[in-house]
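Let's take a walk through this structure together. Have the sequence and the 3D view at hand, and we'll go from place to place.

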Amino acid sequence: MKLLMHVCCAPCSVECIAALREEGVEPTLFWYNPNIHPVEEYKLRRDTLKSYAASIGAELILEENYGLREFVRKTAPDFTFGERCGICYEMRLAKTAAFAREAGYDFFTTTLFISPYQDREKLLRIGKAAADREGVGFIGYDFRPRFQRGQEKAKELGLYRQKYCGCIFSEEERFSNRAKKAMRRGEVW
Ligand code: SF4
């Protein structure tokens, strides 16, 4: 089976790759994440994945698109959490599905399926629609039971582990949540 796996970041990829290899499947990794901002964060996550893929002998395809303006324009009608995530999934999985078709892969999937913080049902719906449009297969692996182990392994390996999901809005929410807590405690932030 020729499987293309969209990868959101190296830490999430660790146990997804391990699970597939245990099943005798060698995925080709596909980096396409125009939702990651700002650019230094984008480069850090991309370069961490490059090093990790090389260290385990995995094939990696980089589809570069920093894409801040396009992402903000598409999510601007409603950039609340959840609403914007659907658009974010669509951008990434549509590109992965199109690449899978062009390059002759049988199936595609995504490491987003390992995260308990992502909306699995929405991912399944959007991935299936993209697969149908492109005429390729889509597999909705449930990697979530391996999430904690993956994070621990990533820590042991010294991989860069990000503090927010990726988009500029998730960075803002992390900051504003922290600021609100500090203000409630009467601290300077
Ligand atoms: S919070 Fe994460 S999944 Fe949602 S839009 Fe931002 S980067 Fe995408």
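What follows starts at the largest pocket, moves on to the ligand, and ends with two single residues.

Before we set off, keep in mind that this is a predicted model. Now, how much space lies in the largest pocket? It comes to about 640 Å³. A set of 29 residues lines this pocket, and if you want to find its centre, look for S115, Y117, Q118, Y164 and C165, the lining residues closest to it.

Which helices help to build that lining? Four of them supply at least two residues each: α1 (10-22), α4 (83-103), α6 (147-157) and α7 (168-184). Of these, α4 is the one to remember, as its five residues are the most that any gives to the lining. As for the chemical make-up, the lining of the largest pocket has 16 nonpolar residues, along with seven polar and six charged ones.

Next, the ligand. Where does it sit? The space it takes is the very pocket we have just been looking at, the largest one. Around the ligand you'll find N35, F71, R84, C85, C88, Y89, R92, Q118, C165, G166, C167 and S170. Two of those names, Q118 and C165, came up a moment ago among the residues closest to the centre of the pocket. Helix α4 turns up again too, because it gives the most to the shell around the ligand, again with five residues. Sorted by class, this shell holds six nonpolar, four polar and two charged residues.

Now let's stop at F81. You'll find it in the loop between α3 (68-75) and α4. Is F81 buried or exposed? Its relative accessible area is 57%, and since anything over 50% counts as exposed, F81 is exposed. Still, F81 does have partners: leaving aside neighbours within four places in sequence, it is in contact with Y117 and E173. Y117 is one of the residues closest to the centre of the largest pocket. For a sense of distance, take I114, which is 33 residues from F81 along the chain: the C-alpha atoms of the two are separated by 19 Å.

Our last stop is T48, which lies in helix α2 (residues 39-56). Why does T48 count as buried? Its relative accessibility is 12%, and the cut-off for buried is under 20%. Once its neighbours within four places in sequence are left aside, T48 is in contact with A10, L159 and Y160.

Conventions: Residues are numbered from 1 along each chain as its sequence is written. This is a predicted model: local features need pLDDT of at least 70, side-chain atom pairs count only at pLDDT 80 or more; totals for chains, interfaces and linings use all residues. Side-chain values use heavy atoms; hydrogens and water are left out. On a 1 Å grid over the protein atoms alone, a cavity is a set of points where a 1.4 Å probe fits but cannot get out, and a pocket is an open set with protein on both sides within 12 Å along at least five of seven lines; lining residues have an atom within 4 Å of a point. Grid points are joined across faces, edges and corners, and a volume is the space filled by probe spheres set on the points. Helices (H or I, at least four residues) and strands (E, at least two) are DSSP runs, numbered from the N terminus. Ala, Val, Leu, Ile, Met, Phe, Trp, Tyr, Cys and Pro count as nonpolar, Asp, Glu, Lys and Arg as charged, and the others, Gly among them, as polar. A residue is near a molecule or strand if one of its heavy atoms lies within 4 Å of it. A molecule sits in a cavity or pocket if more than half of its atoms lie within 2 Å of its grid points. Buried means under 20% relative accessible area, exposed over 50%, partly exposed in between (1.4 Å probe, protein chains only). Contact means heavy atoms within 4.5 Å.
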